[in-house]
Amino acid sequence: MKPASFTYHSPTSVDEAVALLAELGPQEGRILAGGQSLVPTMAFRMALPSHLIDINGIAELAKLTANDGVITIGACVRHAAFESEALPGATGALLRKVVQNIAHYPIRTRGTFCGSVANADPASEWCCVMASLDGVVVLRSQRGTRRVPAAEFYQGVMATAREDDELVVAAELPMLTEDTRTGFVEFSRRKGDFAIAMALVTYRLVRGVIVEPRVAVGGAESHARRIVEAEDALSGQALDASIFATAAEAAAAAVEPMEDINNTAAYRRALVRTLTQRALEGAQ
Amino acid sequence: MTAKPKSWIGASVERLEDLPLVIGRGRFAGDVSFTHQLHMRMVRSPYAHGRLKTINATEARALPGVVAIWTAEDIADLSPIDFREGPNERLAPFRQPVLAAEYVRYVGEPVAAVFASDPYIAEDAAELVTIDVDELDAVIDASLPTSEFGAGLTTEPTICRQGYGDIVAAFKNATTIVELDLSVGRHSGVPLETRGAIGRYDAARDVLELHGAAKVPHKNRESLARMLGRSTAGVHIYEGHVGGGFGVRGEIYPEDILVLVAALRLGRPVKWLEDRREHMIAANHSRQQRHRIRAAVDTEGRLIGIDDSFFHDQGAYIRTHGTRVADTACGILPGPYRLPHFRVNGHFRLTNKTPAATYRAPGRYETNFVRERLMDAIALKLGISRVEVRRRNLISPDEMPYERPLVALGDEVVLDSGDYEGILNKALERFQWDKLESDIRKRRKAGEYVGLGLAMYVEKSGLGPTDGARINVHANGEVEVLTGGASVGQGFETVIAQVCAETLGTDYRRVRVVHGRTDRIEYGIGAHATRATVMTANATAVAAGKVRAKALDMAAQLLQADPSSLTIANGSVVRTDGAGASISLGDIAHHLRPVSPTRGDRDPGLSAEGWFTTAHMTYPYGVQVALVEIDPGTGAVHVEKMLIAFDVGRAINPALVRGQLVGGFAQGLGGALFEEFQFDERGQPMSVTFADYLIPTAHEMPKVDILITEDAPSTCNPLGIKGAGEGGVAAVGAVIASAVDDALGGKNLITQIPIKPQFVKAIIDGLKA
Amino acid sequence: MIKRREITLTINGTDHTIAVEPRRTLVDVIRDDCGQTGTHIGCEHGVCGACTVLIDNEPVRACLMFAVQAEGRSIRTVEGLQQGEQLHPLQEAFMRHHALQCGFCTPGFLMLAVGVLEKRPNLNDEELVDILSSNLCRCTGYENIIKAVRAAAADMKARA
């Protein structure tokens, strides 16, 4: 399973990278970041890029910063960076919870947050995070910079709003307030496998009442999204086990799950119910 | 380990094989390279079934670095791949051609072979070859009515039939009949090293070499020599390190023949390495059977008769094993139980899927599942405990040797020794079955879905008839044992060294074991059917005994002592009373060299050949017990507790036996919960990567308690050994199904493996509703 | 045909200067161009871990990197674990605990364990199993691999 031939480019600046992308993007040019998703598809010759633009040498893309209420994740920040205790606040805690579910350790040393965001696999955990926190994707091209909210960015299975000549240079996540509770649960056949479904929840309690709930489901539909019906079922309610069940039921009813050779829509729906409830129950 | 144990036999010594492997100096097929070698890449059919019209390789041939591209026309003189056991006229039309000629019959079937200077270029060229096929409907379900295979041939080449007694009467007079429809999913060994073969023609010696072979080097040499019209003196097999066999590696596949023919015709060594996707669609599949089985029992749950009709999904062709797996299933189905009447019809069916053959415990993984589900169903129907129903049917030790009028692996079934009830009791006690039954009742009241499973089984081992070994002691005292064995990673060298060392009287670390080399020894049985420890070890013991006698005889002369006052310890002949001089085996060997003045009329060399012949296979046996918990929210099954109790007659190296059982369990767990080769309705394989074919990882493995017993040594060989290679995997499908079924209320709802969470979840939601 | 690039790979401290097409994977180049065949290929799509090496002391799947990406980095493979005749504690532990049968997955597990233990010497049992779940073994059932790594971890801490 050897890849087909390609011309290799290793730019050292973002400007250089987008210049190359402008020329080569339309000629089956692809960006190489972590390579943990791209290279297997090249090995199977399902992806046949004639050009690879390796952005791993661009220092500014390796930055992970937290400023002014925003966590900015550069294109080359690896999954493993989110295992660190150094990430601040409730967002940091959430990312640490989520990252343990991503593949396995050696994949996490190379794979990148933004690579996962750009790849838009329905089972991507980071896409679910972006969808649930209303993250923003920062795109750069020779035409300038675009900032696209997650809800607009994700359009279908492996389909995004990114144009051929655009490079995802960063993803931005809001820093959640200290008192935000977060929960994340996914289900796969073996630990580390692609998730069949996942649920991510966040909420705050004000005088024992749920405010600002977010309920996002991933892995079950063509792309992760917030489920308004579930959020409405939580909003303004007192914290209570039965409320979690109601919200979970609402999420299950609201999704239009994918079917594949191994998983029926009905099963994914049942999983959404289970996982949403467990994410809510386990939210801390 | 520092201190020498009392006996090498029975000691869990460290393996001799390990050092080169842990320092990265192994020699697997991929590590073998010759100067100026070509790389072969197969072009494989993307269609499951069709008439092959044209193959266009023009563009591919033009690629720089491509030396040749062959299709069936280029090897028209080669016969299809023969059966290992010899010609079979009735089954011959269903053999696989080396390259597809008229038809393609499964996705992955070799259609053309590309030879290039580099594996990347070879793959580029293979991608450029186009195949024109008139597609035909693909047969995916072996239990549907048969269709046409070719002129006058249907997709049911044969029915494997066995039986005895009067099955019709048995069912007519039965008070209770239990009937089940049970299926085992298609899965296989899937070793971590994919297949590989390197062909090289040494013109200087006129020897055609095949490197990378495994399992049955001598048998394969015979077959290949015959196929290529060469004498066996001019064909040699070289087995290096092998990354797991499990039954699927080492059979003759089209690629093995092609590298040899290409080496001859193209005048350069030819190296072929399979990639993972190819392995999933081209290496032997296994296990897929559907059984419609009925049991007639009396009011106490004792078996009167079993009538089984099954569909064996052979895939597209009959490969080297012929109908062996289905035949074995027929012969071994009754397991440890008394069974007065029996009838089995194994419908051997061809489908448009990757051909199937043996995979660790072939015919037994399937029938253990089927038979043990049947026992559970009988228990349920009669309201008897699952333990009790088994007890009532077990063959007892004083009925041994127990002859069944059945044939398995070409051998009449004679259960040589075994205390089935004894091991059942040991297992239940060790597992704390009674206490767990009571715990489970409490947990279920609290809403948990937990269950206990039980499976009893008889394995087979020591397939003969004969094996030999040659031992030679070198001047420095190192003992070389030449065997016709093979290693697939199981520790063959270590076990043989232990037996040799103990019999001869030296340290096992001074023993060098040679295997997988047809140029070093003329005959060999390789390693399969869990026979190496039984056959080759016993042959080694015979040879070592002769070397020992010769050493003592020579030493008696040299030490001027009575042979009866001498023994061998630590590689030297010494007096039993400890007094006086000693002489090392190396020195004795020196005195036995051809020009030695002290040799006398003895044949030169401190060496001997030994043979061991056995009339029958021997039958290890065991019990597996499991405690599982189901997550009702997802349907996922979690094994909380697991026990394998297995009697091996005598364990040469208990640590290695344990390793075989635990490793086998992992594979069995895969087949019970995770692994399946799935196909869509057009015959397109859907499980071609490690992301869709799910092998258990450390995370999925429970702690497995292993109880190795030596209560029933084999009566078929002097060392009393019964092998353990297949004892771990054989009953896992059965025991997990039993436990999950129990967790779901014990209503016989589990009739199919692998058991998928989706299926379990649907049952739970249905039960709740 | 894409032009070959001349690159230098530093493997276990030794430089190898070779000319390779960009599409050559790191594992193929380590094995075939640099002659270090201890690193094995099990799947070529990044799941089995047999090809695990250390790149700047981090475990990486060498089938998912191109050789041209590894220039200037420190590459460590199984061949570099021993110091002269002295085996690495992990190698010794694998032999002592019967943690290998066919040995094909072994180099990948060794490098994974070395990489993790060097950075996190105090892994608890759960974390250990979690890490070792990264790689596939088809022979051993993992039990002895876990034992061996646990024993080696203790040994490495004692020697540190």
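How many salt bridges are there between chain A and chain C? The count is 3, where a salt bridge means a side-chain nitrogen of Lys or Arg within 4 Å of a carboxyl oxygen of Asp or Glu.

Some ground rules. This is a predicted model, with local features needing pLDDT of at least 70, side-chain atom pairs counting only at pLDDT 80 or more, and totals for chains, interfaces and linings using all residues. Residues are numbered from 1 along each chain as its sequence is written, chains are lettered from A and ligands numbered from 1 in the order in which they are written, and side-chain values use heavy atoms, with hydrogens and water left out.

Okay, chain A against chain C. One salt bridge here joins Lys2(A) to Glu44(C), closest N and O atoms 2.7 Å apart. The rule also finds 10 residue pairs in polar contact across this interface, both residues at pLDDT 80 or more. A polar contact is a pair of N or O atoms within 3.5 Å; within protein, one must be able to donate a hydrogen and the other to accept it, and residues adjacent in sequence count only if both atoms are side-chain atoms.

On to contacts, meaning heavy atoms within 4.5 Å: 29 residues of chain A touch 31 residues of chain C. Together the two chains bury about 2,500 Å², with 57% from carbon and sulfur atoms. Buried area here is the accessible area (1.4 Å probe) that two parts lose on being put together, summed over both. In chain A, Tyr8(A), Tyr105(A) and Arg110(A) lose the most area to chain C, together 25% of what that side buries.

Now inside chain A. It splits into domain 1 (7–54), domain 2 (59–174) and domain 3 (181–282), with bounds from an automatic or database domain assignment. The centres of domains 2 and 3 of chain A, taken over C-alpha atoms, sit 21 Å apart. Their contact takes 24 residues from domain 2 and 23 residues from domain 3 of chain A.

How much area do domain 2 and domain 3 of chain A bury between them? About 1,900 Å², and 63% of it is on carbon and sulfur atoms. On the domain 2 side, Pro122(A), Cys128(A) and Ser132(A) lose the most area to domain 3 of chain A, together 27% of what that side buries.

Last bit, the polar side of that domain interface. The rule finds 2 salt bridges across it, plus 5 residue pairs in polar contact, both at pLDDT 80 or more. And Arg226(A) meets Asp134(A) in a salt bridge, at 2.5 Å from N to O.
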